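Hi,

Here is the structure I said I would pass on. Have a look at it first, and my notes on what turned up follow below.

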Amino acid sequence: MTDTSVIAIGLGSLRPAPTGLPDPAISPPTIAEPGDPFSAIRVVDLLARIERARPVRVADIADPLNATYLDWLFSAAVVADVAIQLQSNWMIDYRNSSGIVVDDDGPYGSTVSIENSTRVDPWIVRQALRLAADCTGRLAEFSRRDRLPSGG
């Protein structure tokens with residue numbers, strides 16, 4: 001007979017899951033937000049792959065993001081925000097606006113065009129690496145916390 005009145009520290013061994021218990025690894029939906037590196041890296045990854053030197057509708061960039069990341073929701077505004085940030089970064093790095101062009105007044109809506117040159121790929125990789133480092137830093141910061149920000 002086991003003495004159940006003795007309190008032990010820790011869980012001990014776990015029993016097998018009861019038959020029919022569903023998998024709890026269900027992810028809640030994530031709404032992509034401007035300024036969020038986790039959203040931005042997904043957008044930049046797709047922008048790195050679009051056809052060069054041709055305007056692409058922002059809505060046509062948001063659609064495959066939503067189809068690829070089924071637990072995310074990417075609005076055209078978030079995609080445009082990332083493209084505008086890239087355009088700004090390009091202008092700072094190269095002092096011209098020809099590399100990333102965001103046109104808000106196209107006949108079919110907002111478009112993004114990326115120049116077709118050898119300098120684009122290494123540059124956009126550096127942008128993605130910067131975003132990945134930001135994501136990793138935020139994850140590390142989150143894992144170091146032992147309580148909610150509200151102190152609960």
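Let me start with the helix packing: helix 1 and helix 4 run roughly antiparallel to each other, because their axes cross at roughly 155° and anything over 145 degrees falls in that class. Bear in mind throughout that this is a predicted model. The two axes come within 9 Å, and the crossing is left-handed.

If you want to find that contact on screen, pick out P37, F38, A40, I41, V44 and L47 on the helix 1 side. Facing them from helix 4 are I124, A128, L131, A132, D134, C135, R138 and L139. By class, that makes 12 nonpolar residues and 2 charged ones, with no polar residues in the contact.

Helix 4 also packs against helix 3, so to speak on other terms: helix 3 (residues 76-94) and helix 4 (residues 120-144) are oblique to each other. Their axes cross at roughly 120° and come within 12 Å. This crossing is right-handed. Helix 3 brings L86, N89, W90, D93 and Y94 to the contact, and helix 4 brings V120, W123, R126, Q127 and R130. Here the count is 5 nonpolar, 2 polar and 3 charged residues.

Next, V43, which sits in helix 1. Is V43 buried or exposed? V43 counts as buried, because its relative accessibility is 0% and the limit for buried is under 20%. Setting aside its neighbours within four places in sequence, V43 is in contact with L65, F74, V79 and V82. As for L65, that residue is 22 positions from V43 in sequence, with a C-alpha to C-alpha distance of 7.3 Å.

Then the salt bridges. How many does a search of the whole structure find? The search gives 7, and I'll go through three of them here.

- D121 and R52: their side chains meet at 2.7 Å, N to O. This pair ties together distant parts of the chain, with D121 in helix 4 and R52 in the loop between helix 1 (37-47) and strand 2 (56-57), 69 residues apart. R52 counts as buried at 15% relative accessibility, while D121 is partly exposed at 44%.

- D134 and R138: the closest N and O atoms are 3.3 Å apart. Both residues are in helix 4, and because they are 4 residues apart, about one helical turn separates them. D134 is partly exposed at 32% relative accessibility, and R138 is partly exposed too, at 39%. You have met this pair already, since D134 and R138 are among the helix 4 residues that meet helix 1.

- R49 and D45: this bridge has an N to O distance of 3.0 Å. R49 is exposed, because its relative accessible area is 60% and the cut-off for exposed is over 50%. D45, with a relative accessible area of 33%, is partly exposed.

If you only have a few minutes, I'd go to helix 4 and look at its two partners in turn: helix 1, roughly antiparallel, and helix 3, oblique. After that, try the link from D121 in helix 4 to R52 in the loop.

Shout if anything is unclear.

Cheers

Notes:
Residues numbered from 1 in each chain as written. Predicted model: local features only at pLDDT ≥ 70, side-chain atom pairs only at ≥ 80, totals over all residues. Heavy atoms only, no water. Axes fitted to C-alpha atoms, helices over the stretch in contact; angles between N-to-C directions. Helix = DSSP H or I, 4+ residues; strand = E, 2+ residues; numbered from the N terminus. Parallel < 35°, antiparallel > 145°, perpendicular 65-115°, else oblique. Left-handed = near helix turned anticlockwise from the far one by under 90°. Contact = heavy atoms within 4.5 Å. Nonpolar A, V, L, I, M, F, W, Y, C, P; charged D, E, K, R; others polar. Salt bridge = Lys/Arg side-chain N within 4 Å of Asp/Glu carboxyl O. Buried < 20%, exposed > 50% of the residue type's maximum accessible area, 1.4 Å probe, protein only.
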